[in-house]
Amino acid sequence: MFSAMLVWLRSGRGREGFPLAVKGVRCARKLDDPKLLRRMLTARGVLTANTLEVGVAIECHLEAMQITESLNDEVLKGNSLLNLGLACSYLSLDVVALKCFREALAIARRLHMQSGLPRVLECITLCALAGTLTGLGDYRAALQAARDCQTVGRKALSDLEHSQKAQIADSIAIGQCCEVSALVRLGMYDQARSVARKLDQGNAAGNVREGQARIARAELAAATGDPNFAIQELQSLIRDPTAKHHRRTAMASLVECYEALEWPDAALSALQELQAEIEAARREVALEDLQRVAGVDPYEDKGFEENTRSRIANYRIVIDGTGARLSSKLHYLDELAVSSEIREGNEADRAEHIYRVGALCSLLAAESGCGEELCWLAEVSGRLHDIGKSSIPDSVILSARALSDRERSIVHGHSDYGARLLAGANEPRLVQAVAAVRHHHERFDGCGYPSKLRADEIPFLARIVAISDSFDAMLQSRTYRASRSISMALQEIERGAGSQFDPRLAGLFIRMVNRIQLEVEDLRGHLGQQGRSSAAVRTFTRLSRLFNETSGATL
């Protein structure tokens, strides 16, 4: 079963192996075999990372690592840390991934020093580390990691089996590509040309190596006065059906190339194409998974008899009107929303943001006299308001500098994408939530987006989300400003009444928050209670604790 899952993964059809991975974990639990369970959890985690449920992938790798600790097996622990780091990288949690890779690297080096084990883990980890450091902008450290990867890999080749040699050869070639990218960004063009020639001499065969090499050569050409070659090479790679794994990276490099040439229209067009690519891929996966969770528990196959009962329950009308089918879909959408949110910050507190906004929306709806159904819809709208952030390219959403006008236009597209994603759940009860997600950035004075609606033209729930989201966001720190106190945030809400916010709802909100403050000691803690019971939030809390325990580091 494990071998079959590897075949699915290596053929680029990892999602098709997902049901087998679920059954593999279930069988391993029944057999009460820790080693088998670790392998199956690892396989499931790797396969799940190909879907949007990256939080589930991280949870699998965390459990696998806990098992390795109980087995007291340092080799397996190092591999689990590497897999955990790769899953975090997929979610753009580069700081967390960096800590995983450094822990794995320390274990790999210790194992080699103590017992002379082959340096496969060390080489692969250094390769992953070089890519992550490049993404974080630490180019000198990335350069050192890339060079160490090649040195270690070449020394290890003579001691390995054929299958491992191919893996090491891939890592060495990718390390060379990372070296070129780091040298280009450091302005060391002569050295970059020398390494690029080695790539040419090595004939970087294989889709992974060849795709990486073509991107590295294009980056070098763009930086050294041959933009036409760079653009042609990147455009060719984007159109190449055999290089799908590199398509998004090539598109992001093309954007950088156009920006360096100061071709704003071409850069905007390429950036929009990149966003469309991300949207299409993630929406396709999300829609498939929404169909899957409508009939079967998304996390565990509980057997034919129980699943049959579950399917029957899903299509019954439940007294509270939610239904098991809708509940499953909302659970899945919540996971996506948390994953989208933590791309901008690695703290568990950041993951709780959507739940605090949901709670504030529900309370404000009740404060304005809404019934139970509308209060529930307000809460759902608040939790899912920024689910569309998953469509924003990393280069934009993780940027530490001020965004350009064209980049802001990309960010503004997230509300429309989130609405289309939510509409894909195909649940009539969520129609008003879809409208709230699309229009929660409208302003009362008509200067918002995406439709420049004003006053009562803005859907009622969208006006509620706008206030609740702005308030909680002000209580969080950002790279460009410190967090604000509750009183200061309320003053901003009052200042924006009639321009940014619905003045009647703003007044109700201020009175409501002041009243709740008298009733509870910790307002944010009180509002985030539901979030702390969320599987996704629990996962990232565990991740934080892991690094507190292993390295004294914090997220």
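**Figure 1. A close-up of S171 in helix α9.** In this predicted model, S171 is part of helix α9, which spans residues 162-185. Is S171 buried or exposed? With 6% relative accessibility, and with the cut-off for burial being under 20%, S171 counts as buried. So who are the neighbours of S171 once residues up to four places away in sequence are set aside? The list reads C123, I124, C127 and C149.

**Figure 2. S415 in helix α22, and what surrounds it.** Helix α22 runs over residues 414-423, and S415 sits in it. The relative accessible area of S415 is 0%, so this residue is buried. Its side chain reaches back to the backbone oxygen of H412, at 3.5 Å. Skipping residues up to four places away in sequence, S415 touches V437, R438, H440, Y449 and P450. One of those partners, R438, gets its own view next.

**Figure 3. R438 in helix α23, seen with its contacts.** R438 belongs to helix α23, residues 431-439. Unlike buried S415, R438 is partly exposed, since its relative accessible area is 24%. Which residue does the side chain of R438 join through a polar contact? That would be D416, with the two side chains linked at 3.1 Å. Beyond its neighbours within four places in sequence, R438 is in contact with S415, D416, A419, R420 and P450. If you want to trace the R438 and R420 pair, they're 18 residues apart in sequence, and their C-alpha atoms lie 8.4 Å apart in space. P450 turns up in both neighbour lists: it is in contact with R438 and is touched by S415.

**Figure 4. Helix α19 against helix α24.** Two packed helices are described by the angle between their axes and the distance between the axes. For α19 (residues 372-384) and α24, the axes come within 10 Å and cross at roughly 50 degrees. That angle is neither under 35 degrees nor in the 65 to 115 range, so α19 and α24 are oblique to each other. The crossing of α19 past α24 is right-handed. On the α19 side, the residues involved are L374, L377, A378, S381 and G382, and they meet F460, L461 and V465 of α24. Sorted by class, this contact has 6 nonpolar and 2 polar residues, with no charged ones.

**Figure 5. Helix α24 again, this time with helix α26.** Here α24 covers residues 460-474 and α26 covers residues 503-519; their axes come within 10 Å and cross at roughly 45 degrees. The pair is therefore oblique, and α24 passes α26 in a right-handed crossing. From α24, the contact draws on F460, R463, I464, I467, S468 and F471, while α26 supplies R504, L505, A506, F509 and V513. What does the class breakdown of the α24 and α26 contact look like? It has 8 nonpolar residues, 1 polar and 2 charged. Keep an eye on F460: it takes part in the contact with α26 and also meets α19.

**Figure 6. Zooming out for context.** The close-ups come from a chain with 29 helices and 0 strands. Of its 555 residues, 51% are buried. As for contacts with a separation of 6 or more, 63% are between residues 24 or more positions apart.

Terms used. Residues are numbered from 1 along each chain as its sequence is written. This is a predicted model: local features need pLDDT of at least 70, side-chain atom pairs count only at pLDDT 80 or more; totals for chains, interfaces and linings use all residues. Side-chain values use heavy atoms; hydrogens and water are left out. Axes are lines fitted to C-alpha atoms, for helices over the stretch in contact, and angles run from 0 to 180 degrees between N-to-C directions. Helices (H or I, at least four residues) and strands (E, at least two) are DSSP runs, numbered from the N terminus. Angles under 35 degrees count as roughly parallel, over 145 as roughly antiparallel, 65 to 115 as roughly perpendicular and the rest as oblique. A crossing is left-handed if the near helix is turned anticlockwise from the far one by less than a right angle, and right-handed if clockwise. Contact means heavy atoms within 4.5 Å. Ala, Val, Leu, Ile, Met, Phe, Trp, Tyr, Cys and Pro count as nonpolar, Asp, Glu, Lys and Arg as charged, and the others, Gly among them, as polar. Buried means under 20% relative accessible area, exposed over 50%, partly exposed in between (1.4 Å probe, protein chains only). A polar contact is a pair of N or O atoms within 3.5 Å; within protein, one must be able to donate a hydrogen and the other to accept it, and residues adjacent in sequence count only if both atoms are side-chain atoms.
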